[in-house]
Amino acid sequence: VVSDLPTWLTMQRDELPTPALCLDLDALDHNIDTMAAARPDTTLRPHVKAFKSTELARHVRDRGGHRSFCCATLREMEGMVDAGLSDDLLLANQTLDAARLGALAARSPHPITVAVDSTETLAVALEASERGPVAVLIDVNVGMPRCGCDPETAAALAARARSAGLEVRGVMGYEGHVVGNPDRGWRREQVARSMAVLREAHALVGGEVISAGGTGTYDLHDWVSEVQAGSYLLMDTAYGELGLPFRQALSVAATVLSVNDEHYAVADAGLKAFGMDHGDPTMVDHDVFFCSDEHVTFTWIDGRRPVVGDRVTLYPAHVDPTVTCHERVWVLRGDEVIEAWPIDLRNW
Ligand SMILES: Cc1ncc(COP(=O)(O)O)c(C=O)c1O
């Protein structure tokens, strides 16, 4: 459990129990500063799903100056409210759990906002609003085969919400099918295409909030009121291919457990230490062969044969599902461990 650890420790990276999720604080701060310069204050709504830690959210608020956040789950919303980070929280997702949403609205000191894309999810927001202030954003499908409705349905939902006395703050439309493509020109074109749909919906719905985007498109939006980016903080090797000005701040430290003659070596970070949906993690000076539950098997290059007990560093291909595999992230400046931040919002 996390609670039996002090939040700071005088340790070096090589002394950490492995596998260890490690955060390079200088790289994180570079990422926060770079994004805050491009999208200051409420023009960015950092997405908590990418890092799942209220300590990290607090650091983003204090350093980057962003006071509004978005979440993917009710658990993340609850944690952010309990941590006092509730100034302007958006559940950028649908929920059918009126009891849990209502309890959240009742205990939040500030109104909460929830995305809706159907009469069913709108009914849930309405029911929850009986227990505390709830506002809605109409979630519009801008091309990704996931949640969101078409502009006409958005207009009908907004009218229905308003006639029931619910505040409609505006629209959201996440172009998740676009954000990860390495071709910047293609991303630009597709953002324009997606935002044409969102514009149509916004003209019918109104409201001052127009929420869209992610790390890969944060600087390709010239019309929305806010961008929902989260991965930019920690980064991963998939986003690393896009040439964005953000540094890889997250890695996993592992220990070599076994070396098989001249062929391969094995370290103690496997499938359970990484989100693998974007592929294998990447190593410096080594090539990942494959991952199994608790192991990574790798080959080495240029005569850099490891020995048992060596430490190796792995960079995840997908940050969000990697973070949620770990109970804490070790915060480092250089090789010195300066704090341990709980991943207190991990799981759902
Ligand atoms: C609704 C929503 N908005 C924004 C994002 C952007 O996140 P990222 O910073 O990873 O591009 C995501 C990521 O999956 C998302 O689901």
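Two strands are counted as paired if DSSP finds at least two bridges between them. By that criterion, in this predicted model, seven strands form an open sheet in the order E3-E4-E5-E6-E7-E8-E9, with parallel pairing. The edges of the sheet are E3 and strand E9 (226–227), each of which pairs on one side only.

Within this sheet, strand E7 (residues 167–173) and strand E8 (residues 209–212) are joined in the parallel sense over four bridges. One position in this pairing is glycine 170, which stands opposite valine 209 in E8. Helices pack on the sheet as well. H3 touches E3, strand E4 (88–91) and strand E5 (112–116), and its direction makes about 170 degrees with that of E4. Helix H5 (residues 119–128) touches E5 and strand E6 (134–139), and its direction makes about 160 degrees with that of E5.

Another helix to follow is H2 (residues 54–64), where Thr54, Leu56, Ala57, His59, Val60 and Gly64 are buried. An α-helix has 3.6 residues a turn, so residues three or four places apart point the same way. The buried residues of H2 pack against two helices, H1 (25–38) and H3 (74–82), and against strands E2 (20–24), E3 (68–71) and E17 (336–342). At the start of H2, a side-chain oxygen of serine 53 comes to within 3.3 Å of the backbone nitrogen of glutamate 55. Just after the helix, glycine 65 has a positive phi of about 80 degrees.

The interior can be described through its nonpolar cores. The largest of them has 94 residues, and Leu28, Ile138 and Leu234 have the most contacts inside it. Apart from that core lies another, of nine residues, including Met11, Ala20, Trp330 and Val337. Which residues does leucine 28 contact, leaving aside its neighbours within four places in sequence? They are Leu23, Leu56, His59, Leu233, Leu234, Ala249 and Trp341. Two of these, Leu56 and His59, are among the buried residues of H2.

Antiparallel pairing appears further along the chain. Strand E10 (residues 250–260) and strand E11 (residues 264–267) run antiparallel and are joined by four bridges. E10 and E11 form a hairpin with three residues between them, and in the turn aspartate 261 has a positive phi of about 40 degrees. E11 is also joined by three bridges to strand E14 (residues 296–300), again in the antiparallel sense. Valine 266 in E11 can be used to trace both pairings: serine 258 stands opposite valine 266, and valine 266 stands opposite threonine 297 in E14.

Note on methods. Residues are numbered from 1 along each chain as its sequence is written. This is a predicted model: local features need pLDDT of at least 70, side-chain atom pairs count only at pLDDT 80 or more; totals for chains, interfaces and linings use all residues. Side-chain values use heavy atoms; hydrogens and water are left out. A nonpolar core is a set of buried Ala, Val, Leu, Ile, Met, Phe, Trp, Tyr and Cys residues joined through side-chain atoms within 4.5 Å. Buried means under 20% relative accessible area, exposed over 50%, partly exposed in between (1.4 Å probe, protein chains only). Contact means heavy atoms within 4.5 Å. A polar contact is a pair of N or O atoms within 3.5 Å; within protein, one must be able to donate a hydrogen and the other to accept it, and residues adjacent in sequence count only if both atoms are side-chain atoms. Axes are lines fitted to C-alpha atoms, for helices over the stretch in contact, and angles run from 0 to 180 degrees between N-to-C directions.
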